[in-house]
Amino acid sequence: MIEFFQQLLNGLSLGAIFALIALGYTMVYGVLRFINFAHSDVFMVGAYAGYYLGRFIPEHTIWGGLAALAVAMTVCAILGVIIERLAYRPLRSAPTLNVLITAIGVSLLLQNLGQFLFGATPRPFPELFPVTLFIFHGIYISSNQLVVIGVTLALLFALRFIVLRTKIGTAMRAVSQNPKAASLVGINNDLVISFTFALGSALAAAGGMLYALNYPSIDPLMGVLPGLKAFVAAVLGGIGNIPGAALGGLLLGVVETFVNGSKNWSTYKDAIAFALLILMLLFRPAGLLGSFTKEKV
Amino acid sequence: MRLLLATCCIAIFTLSLRAAEPIKIGEFASLTGKQASFGQTNHRGAVFAVEEINAAGGIFGRPLELITADTRSLPGEAATVVKKLIARDKVTAIVGETGSAAALEAAPLCQAAGVPMITATATNPRVTEQGSYIFRACFIDPFQGTVLAQFAHHTLHARRVAVLVAAGNAYSVGLAQYFKINFTALGGQIIAEQKYAEGDKDFRAQLTAIKALQPDAIFASGDYVESALSCAQARQLGITAPFLGGDTWDSPALIAIGGSAVDGSYFSAHFSPEAKELAVQHFVHRFRARWGELPDTGSSLGYDAVSVLADALRRAHSTEGAKIRDALAATHNFPGVTGRITMDAHRNASKAAVIFTIKAGQFVYLETIAP
């Protein structure tokens, strides 16, 4: 029984990171109707931002960790806006496929630029937050796991708040529903889209840093696999749907952990994750929480 | 007299002209990417060996020229660069790779082209089974598996051991296999074998399953990144059993990533700079003067691979593939810095292994186990 709860916790902390990345995918999709494949590489940049900041910030302090998190999120928000401005905006009226291929191009560019600038050798990530171990009825919980779950929940609610309760959020939803009508009522579409990218990239940065805190070895290709998993999570939950992305991420993390912990099935982990995706697309194409009629952001 | 002098001059001139034509040695190594830490040190060892040989006058008067290609730690890349080394650079012989997976890609190509290949650190037995032109300067995984199983059983007194394997990695799967066979033969019990995908970073699920079985020790045959991360996560899950690993652990990055979690772990290796032999100490001294760092397993085996090849070239007195192959196969009791090297019937070096432990963030030499 203890093993079951331990695995559940392991799965939730892994799933929380998938959820955090999935939120960024789903938000950009919600507004622009396209998958930003460069998202997983912004995730990598976020981790490297944390790595370099770690040299200036004392390790094992909460304020230091939060400061690094905030700066990494800002750096990636700016990066996201630049990517959108240079790579996607010129293609605003082009077919979706062109933008999609451009996104893959940007992804490859960031990966190779990362190998060029940071070097391809994996680097150890500093312990930015203080690390303590809690033991609760035989279940071991590391403070880093709690930080991951906590930050993911906080960002999820902040995102919900921004989208549903603020002026810019209302504008985002308007652009999502009908960009032309939105601009007719005086919404600056470019600004709203830039903001969406900034927000999504900031989430990716947070995901990257939390991932690196939990698995302290970073390299320029570190975003590829988690990014792919998060994409699956976003589709599972219903792409474009914010709570759906979180739910999909957690579900995927838990399923993967239980498969990994099983005796004979661990090598089928990725096969099972993607089989889940195929099944979902076959029987419920809109995802767990998604629907075709509901407005999405 | 003057005529004689002129003839001498011409003779020397032609000789030096011929001497200027170098013997090309191809090297393929993971200089960047996941296994860069090994590729880099291996490369420094090979470069150092070539420099020393050339400073001493080369081989039958001709200098060695090392042509290096990067495999970027990517699957498929080794085959590509080795094809290039053979076809375009027309190398006489090839040294590399550090990893078994990459060496396995290149070995059939070298065999087909009749170019002798000697790997410094690829320990999977299948590498030299690819053909008569493929050699290695290190011991093989069955021996390493035996050594680690003996160590776990006799020194650690472990009886129930769990195994953590990187499925899909030839080295990891092979080493785990030999460890299991030998450990059960000694009367020990393998209580669990958990697998993960190569490159995974989360091992909590596998470790939680292992923890429930309460092993005496955990044998992790994956690379240093995976093993360091799994040690750290094991400690966070409250697992106190010691970890054991193979020669791929021998990298400073293991400690940088694993931190205090890798303290008290053990691994087998090819070489210890703390060994007392005079030849080793001289090598350590010269190497440090050249590169400003202590030689490790990778660099000393890289050095030995080139030295063994140079020795064979010298004895063959030819750059013909078949002759070099025969000379390599006849290598007997060659005084390498990692021990006396004799090629066995399967073209593997038979030599001793050393066991290291990690104490307060330092590799500490424990013992040497002879074959």
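# A tour of two chains

Select Leu228(A), which is found in helix 9 (residues 224-237) of chain A. The model on your screen is predicted. Is Leu228(A) buried or exposed? Neither label fits: Leu228(A) is partly exposed, because 16 other C-beta atoms lie within 10 Å, and a residue counts as buried only at 20 or more and as exposed at 12 or fewer. Now add Ile82(A) to the selection. Leu228(A) and Ile82(A) are 146 residues apart in sequence, and their C-alpha atoms are 23 Å apart in space.

**Helix 8 of chain A**

Next, select residues 189-214 of chain A, which form helix 8. This helix has 26 residues and reaches 38 Å from its first C-alpha to its last, close to the 38 Å expected at 1.5 Å a residue. How many of its residues are buried? The count is 21 of 26, so helix 8 of chain A is mostly covered by the burial cut-off of 20 or more other C-beta atoms within 10 Å.

Stay with chain A and pick Ala205(A). Not counting residues up to four places away in sequence, Ala205(A) touches Val42(A), Gly46(A), Ala49(A), Ala72(A), Met73(A), Val75(A) and Cys76(A).

**The largest nonpolar core**

Ala205(A) is also one of the residues that touch the most other members of the largest nonpolar core, which has 210 residues. The others to select are Leu23(A), Cys76(A), Ala206(A) and Leu309(B). This core draws at least three residues from each of domain 1 and domain 2 of chain B. As background, nonpolar side chains in soluble globular proteins tend to be buried together.

**Where the chains meet**

Show both chains and look at the contact between them. It takes 24 residues from chain A and 27 residues from chain B. Which elements of chain A should you colour? Helix 1 (2-32), strand 2 (133-136), strand 3 (139-142), helix 10 (242-261) and helix 11 (269-283) each supply at least two residues of the side that touches chain B. Helix 1 of chain A gives the most, with 5 residues. The residues on this side of chain A divide into 9 nonpolar, 11 polar and 4 charged.

**The domains of chain B**

Now hide chain A and colour chain B by domain. The assignment gives domain 1 (2-139 + 276-351) and domain 2 (142-269). Their C-alpha centres lie 32 Å apart. Where they meet, 14 residues of domain 1 are in contact with 13 residues of domain 2. On the domain 1 side, helix 2 (36-55) and helix 4 (100-113) of chain B each supply at least two residues. Helix 4 of chain B provides the largest share of that side, 3 residues. The residues on the domain 1 side divide into 5 nonpolar, 7 polar and 2 charged.

**Helix 8 of chain B**

Select residues 224-236 of chain B. This is helix 8 of chain B, with 13 residues and a reach of 18 Å, close to the 18 Å expected. Because 13 of its 13 residues are buried, helix 8 of chain B is largely enclosed by the rest of the structure. Just after this helix, Gly238(B) takes a positive phi of about 85°.

**Last stop: Gly58(B)**

Gly58(B) lies in the loop between helix 2 and strand 2 (64-70) of chain B. Gly58(B) is partly exposed, as 19 other C-beta atoms lie within 10 Å. Leaving aside neighbours within four places in sequence, Gly58(B) is in contact with Ile53(B), Pro63(B) and Leu64(B). Finally, select Val82(B): its C-alpha atom and that of Gly58(B) are separated by 24 Å, and the two residues are 24 residues apart along the chain.

Technical notes. Residues are numbered from 1 along each chain as its sequence is written. Chains are lettered from A and ligands numbered from 1 in the order in which they are written. This is a predicted model: local features need pLDDT of at least 70, side-chain atom pairs count only at pLDDT 80 or more; totals for chains, interfaces and linings use all residues. A nonpolar core is a set of buried Ala, Val, Leu, Ile, Met, Phe, Trp, Tyr and Cys residues joined through C-beta atoms within 7 Å. Domain bounds come from an automatic or database domain assignment. Two residues are in contact if their C-beta atoms, placed from the backbone, lie within 7 Å. Helices (H or I, at least four residues) and strands (E, at least two) are DSSP runs, numbered from the N terminus. Ala, Val, Leu, Ile, Met, Phe, Trp, Tyr, Cys and Pro count as nonpolar, Asp, Glu, Lys and Arg as charged, and the others, Gly among them, as polar. The expected span of a helix is 1.5 Å times one less than its number of residues.
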